[in-house]
Amino acid sequence: MASYAMEDFVGNGVLKGQLPKLLEEGWDDVPTLKIMNAEDMDAINMTQQQKDALEIRSYLHDRALMQYADIFEASGKSLPELLNLSTGDLSSQFGMKRGHMARFKDRTSACSDPMPKSDTLTARNNSSIPSRNNSIYKSYTSVKSTKMQSVRSSLSRTGANKSLEQSLADFKIKDGYTFKGIVAAGPAVPRVCGCVQAPPVNEKVAPYSAIENISIQKLTPEYKIGMERLVKTKTPPMKALELWRESPAVLLCIRRPGCIMCRAEAHQLYAKKPIFDALGIQLFAVLHEYIESEVKDFWPRYWGGVVVYDQGMEFFKTLGGGKLLKDKFLSGFLLNPRAIANYKRARTLGVEQNFKGEGEIKGGLFIVGRGRSGIAYQFIERNFGDWAPLAEVIEICTQLQDQQRDQSETIKTSQE
């Protein structure tokens, strides 16, 4: 799987000398660098060779084929020229494997994985009254594609380029899409053994009071060029509300950082960092177990954002309705066809794995509004490897941006 470390992305080719300039101009993380357009490249005086190298590396990074980046760049060929080569040439000249050729030749899809159409989320009851602290809480019944207009307006104001706008368009909610409520989970598919039932999940949104005072420690900063690969000493404990005091946040609760499915989910979510940046949303990965070697393997290869440690497992208990949601390897994985399918999905993305650490505690995802406004969305990992659908995550974040803008305009009007 392609790394989010800038040094790994640019390799030892013609882009390496551009790193200081890229840092100076703010192109200091891989997801943002990959959305550069021709105008951006000209602004920092990139040569044609450097432009070709960036195009090749971005294309390969999207398809988890970065092992071919150096040899492709050294060939002196452009990306269109490489794509027009025969499979025989790709094999003889570059040693490309047959399965990798198919992925490389497929120009229509990168290694992103939205929820398959057949994997509809379990519907939730939206009629329950939310906590008074959850002022953001809304009962979404259907969402129209026009909801993304505010995001495009924000992109226009911030000067983001057409590549990013197109990325947002790819995730817009289509007409007729129905939200499953702000508490979502993978389907309760039948287990192979009829006597084993899928674990139930709590169908009510968690109260904001359950998460605001959770004690956490930051293990890593957001990755930038040339910084230390890991915080040398854990920061003092802090309350979780400090994470979203100034800006809304997405918190990805990782079951186990060495898990192939957890790594793949983290990698896919962080790939959309420019979208979340445009929406003013922060990204955090939450671990319930601290093994230093595992954190080093996870960050920044699979996740380039801040990693925090929840020693008391309170975020994970909140996802389980007050207790940890757990499953055994036999019943939860080997006898669960959905979990097996999730594993196969992760394997296609070229993710490595190990078996270190605790792996039975289920994770999930929270979207939390700024300040004390509450929990806007939560996704529960019912089956090992279930991912929160990106379309829903981005739509909820768009709603938060709309709400924040409306509040700012109201305050401005009242002051005039």
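A residue counts as buried when its relative accessible area is under 20%. In this predicted model, Cys 259 comes out at 4% relative accessibility, so it falls on the buried side of that cut-off. Cys 262 lands at 4% as well and is likewise counted as buried.

The two cysteines invite a look at the sulfurs. A disulfide calls for a pair of cysteine sulfur atoms within 2.5 Å, and by this rule the count for the model is zero. For Cys 259, the nearest cysteine sulfur belongs to Cys 262 and is 3.6 Å away, so Cys 259 is in no disulfide. Seen from the other end, Cys 262 has the sulfur of Cys 259 as its nearest, at 3.6 Å, and is also in no disulfide.

On to the aromatic rings. A pair of rings is described by how far apart the centres are and by the angle between the planes. The model has 12 aromatic pairs. In one of them, Tyr 68 and Phe 72, the centres are 6.1 Å apart and the planes meet at 25°, so the pair is stacked. Both Tyr 68 and Phe 72 are buried. A further stacked pair is made by Phe 329 and Phe 333, with 5.4 Å from centre to centre and 25° between the planes. These two phenylalanines belong to helix H16, which covers residues 329-334; because they are four residues apart there, about one helical turn separates them. Phe 333 has a relative accessible area of 12%, so it is buried.

Tyr 68 and Phe 72 also belong to a wider group: ring pairs link them with Tyr 59, Phe 94 and Phe 104 into a cluster. Tyr 59 has a charged partner too, since the charged end of Arg 63 sits over its ring, 3.7 Å from the centre. A similar arrangement turns up at Trp 387, where the charged end of Arg 345 sits over the ring at 3.8 Å from its centre.

Helix H16 comes back at the second largest pocket, where it and helix H12 (260-270) are the elements that give two or more residues to the lining. This pocket holds about 300 Å³ of space. Its lining is made up of 16 residues, and those nearest the centre are Arg 255, Arg 256, Phe 329, Phe 355 and Gly 359. Phe 329, then, is both a member of the stacked pair with Phe 333 and one of the residues nearest the pocket centre. By residue class, the lining splits into eight nonpolar, three polar and five charged residues.

How values were computed: Residues are numbered from 1 along each chain as its sequence is written. This is a predicted model: local features need pLDDT of at least 70, side-chain atom pairs count only at pLDDT 80 or more; totals for chains, interfaces and linings use all residues. Side-chain values use heavy atoms; hydrogens and water are left out. Rings of Phe, Tyr and Trp (its six-membered ring) pair if their centres lie within 6.5 Å; planes under 30 degrees apart count as stacked, over 60 as edge-to-face and the rest as tilted. Buried means under 20% relative accessible area, exposed over 50%, partly exposed in between (1.4 Å probe, protein chains only). A charge sits over a ring if NZ of Lys or CZ of Arg is within 6 Å of the ring centre and within 35 degrees of the ring normal. On a 1 Å grid over the protein atoms alone, a cavity is a set of points where a 1.4 Å probe fits but cannot get out, and a pocket is an open set with protein on both sides within 12 Å along at least five of seven lines; lining residues have an atom within 4 Å of a point. Grid points are joined across faces, edges and corners, and a volume is the space filled by probe spheres set on the points. Ala, Val, Leu, Ile, Met, Phe, Trp, Tyr, Cys and Pro count as nonpolar, Asp, Glu, Lys and Arg as charged, and the others, Gly among them, as polar.
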